[in-house]
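Reader: I'm new to reading structures, so could you go through this one with me slowly?
Author: Gladly; ask whatever comes to mind and we can take it topic by topic.

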Amino acid sequence: MTIKKISLLIFSTAISFYDFSQNNDLNITGNIESQFQYLNEDTLIGANEPAEKALLNSYMNVFITKGNFKAGARFESYLPRIQGYPNRFDGTGIGMRYIGYENKFVDVTIGSFYEQFGSGIALRAYEDRALGYDNLLDGFRLKLNLYKGITLKGVYGKQRLSFQNGQIVHAEGIVRGFDTEFPLNEFIGFLKNKKLNIVLGTSLVSKYQADDNETFILPENVGLYGGRVKLRYGKFTLDGEYVMKDNDPSADNVYIYNPGHAAIANFGYTKKGFGLLISAKSVDNMSFRSDRTKALQDVFINYLPAMNKTHSYNLVASLYPYATQPLGEVAFQAEIVYTLPKEKNWGKKLGGKYGTSINANISNAYRPMQHKTTQYEVDSNRVTYSAKPFDLSDSLYWRDINVSITRKMNKKLNFILSYYNISINNDVAKITGDAKGIIHSNIAILETGYKFNAKHSIRTELQTLFTEKDKGNWATAVVEYNFGSHLFLGIMDQYNYGNPNEKLQIHYIIGTVGYVKESTRLTFSYGRQRAGLFCVGGVCRFVPASNGLTFSFTQSF
Amino acid sequence: MKTLFFGILFLAISTQFSAQETHTENVKHLPSVKLKDMEGNDINTAELGVKGPIIFSFWATWCAPCKRELNTIHEVYQDWVEETGVTLVAVSIDDEKTKNSVPVYVNGKAWDYMVLMDSNADFKRAMGVNNVPHTFLVDTEGNIVYSHNSYSPGDEDLLHQELLKLVKKSN
């Protein structure tokens, strides 16, 4: 269907709804974001000046609902795209659009939609504007709320691969999915009002892509199937999901015919003032894309969440981040948050007047065991090894041990003290060209907040990173001053004082002025930005070094 | 594409008129999106079943200013509830990677808020949220009367003033 046809449909449906259902309010929501860069050349840090000098990304979402009817669209514009965005994004046009109908029993969407089955390891169509990541499905979705909480979902569509000349470019393959969820307590008599709560779910996803390979006979239809269970008993929760995938030769796995699997389990115990989480994950040969020839973050049908904490301090978040290895890993994580009680404990007020809390987190990931099935490199079926869930080797991919203590001293002053010990295997999860093997780093951070009065406050961060590999030691200082709730000034200096190359022992200084009024936000920043990975929720994109002015504008409505 | 543009333009204009007909003020309504709470129960954002005004605060476990805002409000939240009958709904936009840490953090910090999980950003999109933290104040009719993006110390006082204004108006 062409965009013209769809827009006509939206147009005519909108009019008809406007005419005939006056009793339901028409509601419009959405948002606008625009980012402008004016960049200079800076040979020292490897920043280029683009031929156009100025770059501009803009988009606007509009969502309309009226009674049971809904429609929405996103206009996007890249003139040209800002640095670090997929370089094929260009032009101005519509990057997402849908119409739909929803009542208590059905929810139908035609056009673009985002969706997730279970924990996403079977299917996740998702967007993150900041990353330029968008693997929406374009097609048809039907959700049914059948009986006492039983839900069925069916999706059928093609994924968005790119945005060229102002138009969506779809991936080659078609994605079909079916998902069910059964909250057992709702409809099984003896479980009703019991302390034990059980929810079951199943997923089935299949993709079709024509076989255009000259060397191999490739499976054109590849299936993925799995189930999940969620148990809750009082303060305890236990959930797990397991999915299997048929053989799916692709550029990622170098066209082997192995099956794949992914398994996730989480155990939680929480009560007021205390929370504990223990998680485990096993992944083997699970790259699942709607185009088998694609790489990087393109057209993933499913999502394999990295099992580690998402950090927010600059040196921790952007130098050595880790994303799941889709070809295989076994990972574990444990996290504790504990707030010391404010009242007396062992004769002392340990928590202080305002309470103190401690957050500790450990995560690690290992290479899975791959047992050879044949003395040759591949067997006659091009299956190269056999793998079992949670069968791990001692080859480390990632380890992160971190502790953070938050303490409010009085109404004006508060501290957060954090320590991180991070090891990343740069041969597997490659993040730098300047090191081999495992990079070990130690990071300490002190954040201080001071509120002068209702209008004025200051916040500082002192960060230091020690490593013997890669670019050596770093120190970062951040100062942020807030004038009332509208205006803020910030300055950040990242100093690579330990770079083995003395010429590169430089300061990356960036200053920011921001103005916020209700749902409008304007920020100007000027300075040097080092090259690095920019990650949100375990999805990362590489951002090249830059030197110049960035202006950004956001508005919600 | 032109057609779509004019279609939306037309819709936008017609809303302006219809909004003025039906409301005294030109405000937007709370969208209805189906989410889960921390226990996995289905919750419709437009049918929360609470009395009194609602504060929606979009946050994530990896967002430092969000946590600063919600931890600050936490200290005065009981006073606000007694004063105005408000319910604060902390909408977590943590996705699968960090979603399981949400109950750990919320209970570890002893928050009393209602917490909703927006793991695939459906509600975030519907509310037009660009980035977190973003806070909305909603009256008992479901009208969004105030919203604020980002957090700096002192913003909680502004929110409190808006909340008092709203309660005063409806009395």
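Author: Before we start, one term will help us: the bend at a residue is the angle between axes fitted to the seven residues ending there and the seven starting there. Please also keep in mind that this is a predicted model.

Reader: OK, so which helix has a kink, and where is it centred?
Author: The helix is α2 of chain B, covering residues 64-84, and its kink of about 60 degrees is centred on Val76(B).

Reader: Which residues of that helix are buried?
Author: In α2(B) the buried residues are Cys66(B), Lys67(B), Glu69(B), Leu70(B), Asn71(B), Ile73(B), Tyr77(B), Trp80(B) and Thr84(B). As background, an α-helix has 3.6 residues a turn, so residues three or four places apart point the same way.

Reader: And what covers them?
Author: The cover over the buried residues of α2(B) includes the strands β4 (54-59), β5 (87-92) and β7 (134-138), together with the helices α3 (101-108) and α5 (155-170), which belong to chain B as well.

Reader: What follows α2(B)?
Author: Gly85(B) follows α2(B), and its phi is positive, near 70 degrees.

Reader: You mentioned α3(B) as part of the cover; how many of its residues are buried?
Author: In α3(B), 7 of the 8 residues are buried, so the helix is mostly covered, where buried means under 20% relative accessible area. The buried ones are Ser101(B), Val102(B), Val104(B), Tyr105(B), Val106(B), Asn107(B) and Gly108(B). Just after α3(B) comes Ala110(B), with a positive phi of about 60 degrees.

Reader: Let's zoom out, then: how many helices and strands does chain B have?
Author: Chain B has 5 helices and 8 strands, and, read from the N terminus, its elements follow the order α-β-β-β-β-α-β-α-β-α-β-β-α. Of its 171 residues, 60% are buried, and its accessible surface is about 6800 Å², with 53% of that belonging to carbon and sulfur atoms.

Reader: What about contacts along that chain?
Author: If we take the contacts in chain B with a separation of 6 or more, 69% of them are between residues 24 or more positions apart.

Reader: Switching to chain A, what is it made of?
Author: Chain A contains 3 helices and 33 strands. Its radius of gyration is 26 Å, close to the 24 Å that the globule rule gives for 557 residues, and therefore chain A is as compact as a globular protein of that length. Along the principal axes, its C-alpha atoms fill a box of roughly 65 × 60 × 55 Å.

Reader: How much of it is buried, and what does the surface look like?
Author: Of the 557 residues in chain A, 52% count as buried. The chain exposes about 25000 Å², and carbon and sulfur atoms supply 60% of that area. As for charges, the mean positions of its 62 positive and 50 negative charges lie 10 Å apart.

Reader: Could we look at one strand residue in detail?
Author: Leu396(A) is a good one to follow, and its place is in strand β23 of chain A, which runs over residues 392-408. Leu396(A) counts as buried because its relative accessibility is 12%, and the cut-off is under 20%.

Reader: Which residues is Leu396(A) in contact with, apart from its neighbours in sequence?
Author: Setting aside neighbours within four places in sequence, Leu396(A) is in contact with Asn364(A), Ala365(A), Tyr366(A), Ser423(A), Asn425(A) and Ile438(A). Tyr366(A) is 30 residues away from Leu396(A) along the chain, yet their C-alpha atoms are separated by 4.6 Å.

Reader: New topic: where are the cis peptide bonds you can point to?
Author: One runs from Leu79(A) to Pro80(A), with omega near -25 degrees, and Pro80(A) sits in the loop between β3 (69-78) and β4 (91-102) of chain A. Another runs from Val132(B) to Pro133(B), with omega near -5 degrees, and Pro133(B) is in the loop between α4 (122-126) and β7 of chain B.

Reader: And is Asn165(A), with its positive phi, buried or exposed?
Author: Asn165(A), which has a phi of about 50 degrees although it is not a glycine, is exposed, with a relative accessible area of 67%. Its position is in the loop between β11 (151-164) and β12 (167-170) of chain A.

Reader: What about Glu518(A)?
Author: Glu518(A) also is not a glycine, and its phi is positive, near 45 degrees. Glu518(A) lies in the loop between β29 (507-517) and β30 (520-529) of chain A, and is partly exposed, with a relative accessible area of 41%.

Notes. Residues are numbered from 1 along each chain as its sequence is written. Chains are lettered from A and ligands numbered from 1 in the order in which they are written. This is a predicted model: local features need pLDDT of at least 70, side-chain atom pairs count only at pLDDT 80 or more; totals for chains, interfaces and linings use all residues. Side-chain values use heavy atoms; hydrogens and water are left out. Helices (H or I, at least four residues) and strands (E, at least two) are DSSP runs, numbered from the N terminus. The radius of gyration is taken over C-alpha atoms; the globule rule is 2.2 Å times the number of residues to the power 0.38. Buried means under 20% relative accessible area, exposed over 50%, partly exposed in between (1.4 Å probe, protein chains only). Accessible areas come from the Shrake-Rupley method with a 1.4 Å probe; for residues, only the protein chains shown count as cover. Lys and Arg count as positive and Asp and Glu as negative; His and the chain ends are not counted. The place of a charge is taken as NZ of Lys, CZ of Arg, CG of Asp or CD of Glu. Contact means heavy atoms within 4.5 Å.
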